[in-house]
Amino acid sequence: MLSKVLWNSLLVTPAVLGAALVSAIAPASAQVQSEPSVATLDQVMQYSNEGRSSGSLAQVTSVTEFSDVSPGDWAYEALAYLANSEAQGGLDCLEGYPDGTYRGGRAMTRFEFAAGLASCLDAVVGRLESLDPEALARIEALQREFAAELAVLRGRVDALEAAVEELQANQFSTTTRLSGTAIFAFSDAFGDSVFEDANNTVFQSRVRLAFNTSFTGQDRLLTRLQAGNFRDFVNVPGIFITPATEESNTRFFDEYGDFSFDSGGDFAVTVDRLEYRFPIGIGQLYLGAQGQRISDIVPTISSFDSGEQGALSSFNRNPIYDLGKNEQRIGFGLTFDLSDDLQFGLGYLTGRGNDPSDRAGLFDGGYTAFGQLTFTPGTLKLGLTYTNVYSSHPVASGIFSPSVYNSYGISFELGLTDAIFIGGWGMYTDTRTFAGPLAFRGDGEAWSYALTLGFRDLGAQGSLLGVIAGVLPYQGSFGNSTLGNVSPFNTGGSFHAEVFYRFNVSDNISLTPGVIFVSNVADAGDDLLIPVLRTSFRF
């Protein structure tokens with residue numbers, strides 16, 4: 001009797017195994033490659049993690065209880081035989097998920113396999129003596145039907161295990177993911193002779209390698225290397241919101257028409273960004289050791305804000321995020337998710353936090369302190385931002401010319417449809433400048449505002465057409481109580497317009513032609529036109 005039970009169990013096991021597993025692998029009609037391969041570590045992890053959080057299994061008594069199984073499925077009869085109760089002519093041993101699904105089209109975990117196998121073995125062994133010849137014949141037919149699939153499955157598992165072993169043996173880190181971007185940009189400057197005669201067509205480029213490391217699964221250490229050969233156009237001045245002197249000039253913007261993907265340098269490799277973030281209660285703590293910016297901690301409320309995929313110029317977002325750019329490099333920030341639609345962020349950054357000398361360090365030199373409330377109800381994104389910047393410039397040995405900026409900004413973006421969105425921003429800055437440690441120079445104010453319009457998937461899937469129009473940061477007024485009134489460097493006559501269209505050549509390559517126009521550059525009456533062709537590579 002024991003030998004008969006054992007023999008019948010061995011006879012039935014392959015059939016049960018095949019019926020439980022076959023819907024988790026490719027259909028019988030699928031072509032199986034003789035040498036399966038694993039393209040990336042992500043694919044391996046997908047198979048190993050599949051189903052771990054999907055919930056416990058639940059017993060069913062009829063195949064009709066599965067919401068995702070229909071009579072037209074190629075394995076429907078096999079599933080019906082295993083799932084249906086004994087009264088319906090089945091084995092009553094198939095389990096599904098609590099939500100009423102079988103999920104036959106995805107991979108299964110070993111836990112799920114063990115649960116299904118144990119359930120069916122219990123059902124079969126308990127009924128071996130009562131099975132009629134017709135039922136035994138059907139089990140034998142199932143065994144023959146699924147024998148090929150079981151052999152294929154065994155080969156796929158062996159190949160997958162070999163691929164995993166090879167990846168584990170050759171990966172440089174089990175905690176770090178490497179990604180990279182490269183940019184090729186052709187551009188030129190046209191307009192009045194001050195620009196056109198002084199500039200030629202250039203081919204410039206930048207490359208970044210980012211190492212994203214996680215030690216707990218919830219934290220992230222970002223180490224980013226950068227190299228490039230961008231140089232500014234000739235005779236294109238910077239934008240200042242205090243009077244510029246040879247010794248002391250506070251740039252509000254790098255340049256008129258400054259590229260959002262600029263790099264500087266002659267391909268000198270630098271650590272462009274070094275940041276560690278980790279959860280703390282309902283928030284995230286950011287520790288920036290190099291290259292930290294306000295926009296790395298709080299969102300800029302702009303779908304154009306991407307040097308590789310977004311707008312061409314730095315005017316793609318509210319300039320308040322770039323105020324005190326020289327005082328943003330090292331520091332810390334916190335963000336708190338107060339609800340699904342409300343976030344509060346704040347931070348403190350300094351440009352010389354690593355310098356122990358006088359008027360430097362974390363708290364004795366220039367700094368940028370900021371706070372932002374971000375609302376994201378529905379298709380609306382709204383940001384209310386405040387920044388306080390203290391910038392101190394040396395004019396002689398031991399003598400500094402400090403400036404204080406208090407800025408208030410509002411930024412919004414609204415999705416009109418899935419493909420069309422509008423946005424914009426406004427910024428007001430109050431300034432106070434000193435000629436020396438005791439000599440008050442004067443108060444001033446600065447303004448900037450713009451509107452944006454975007455069209456996604458226009459003409460091609462994944463494309464983006466963007467339009468930006470607005471007034472660049474300008475000095476509204478500047479008074480002086482000791483030296484008399486002085487003329488600000490930029491008094492508000494400069495208008496910025498930009499149009500670009502990004503389309504994907506492949507999943508990893510995109511082209512972005514566009515043009516940047518700036519009128520009345522530096523209040524000199526000269527207009528500037530910069531055509532650009534950007535190619536972005538992601539890897």
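1. First, a term: a pocket here is an open set of grid points with protein on both sides within 12 Å along at least five of seven lines. Keep in mind that this is a predicted model. With that in hand, look at the second largest pocket, which holds about 1500 Å³ of space.

2. Who sits around that space? The second largest pocket has 49 lining residues, and those nearest its centre are Arg 208, Arg 224, Ser 260, Asp 272 and Arg 293. Sorted by class, the lining comes out as 20 polar, 19 charged and 10 nonpolar residues.

3. Now for the elements. Strands E3 (176-187), E5 (202-213), E6 (220-228), E8 (251-253) and E9 (270-280) each give two or more residues to the lining of the second largest pocket. Which of them gives the most? That's E6, with six residues.

4. Next, have a look at two helices. H3 (residues 76-83) packs with H5 (residues 133-170) at about 135 degrees, and their axes are 12 Å apart. Angles over 115 and up to 145 degrees count as oblique, so that's the word for H3 and H5. Their crossing is left-handed.

5. Where do these helices touch? On the H3 side you'll find Glu 77, Ala 78 and Tyr 81, and they meet Ala 135, Arg 138, Ile 139, Leu 142 and Phe 146 in H5. This contact is made up of six nonpolar and two charged residues, with no polar ones.

Note on methods:
Residues are numbered from 1 along each chain as its sequence is written. This is a predicted model: local features need pLDDT of at least 70, side-chain atom pairs count only at pLDDT 80 or more; totals for chains, interfaces and linings use all residues. Side-chain values use heavy atoms; hydrogens and water are left out. On a 1 Å grid over the protein atoms alone, a cavity is a set of points where a 1.4 Å probe fits but cannot get out, and a pocket is an open set with protein on both sides within 12 Å along at least five of seven lines; lining residues have an atom within 4 Å of a point. Grid points are joined across faces, edges and corners, and a volume is the space filled by probe spheres set on the points. Helices (H or I, at least four residues) and strands (E, at least two) are DSSP runs, numbered from the N terminus. Ala, Val, Leu, Ile, Met, Phe, Trp, Tyr, Cys and Pro count as nonpolar, Asp, Glu, Lys and Arg as charged, and the others, Gly among them, as polar. Axes are lines fitted to C-alpha atoms, for helices over the stretch in contact, and angles run from 0 to 180 degrees between N-to-C directions. Angles under 35 degrees count as roughly parallel, over 145 as roughly antiparallel, 65 to 115 as roughly perpendicular and the rest as oblique. A crossing is left-handed if the near helix is turned anticlockwise from the far one by less than a right angle, and right-handed if clockwise. Contact means heavy atoms within 4.5 Å.
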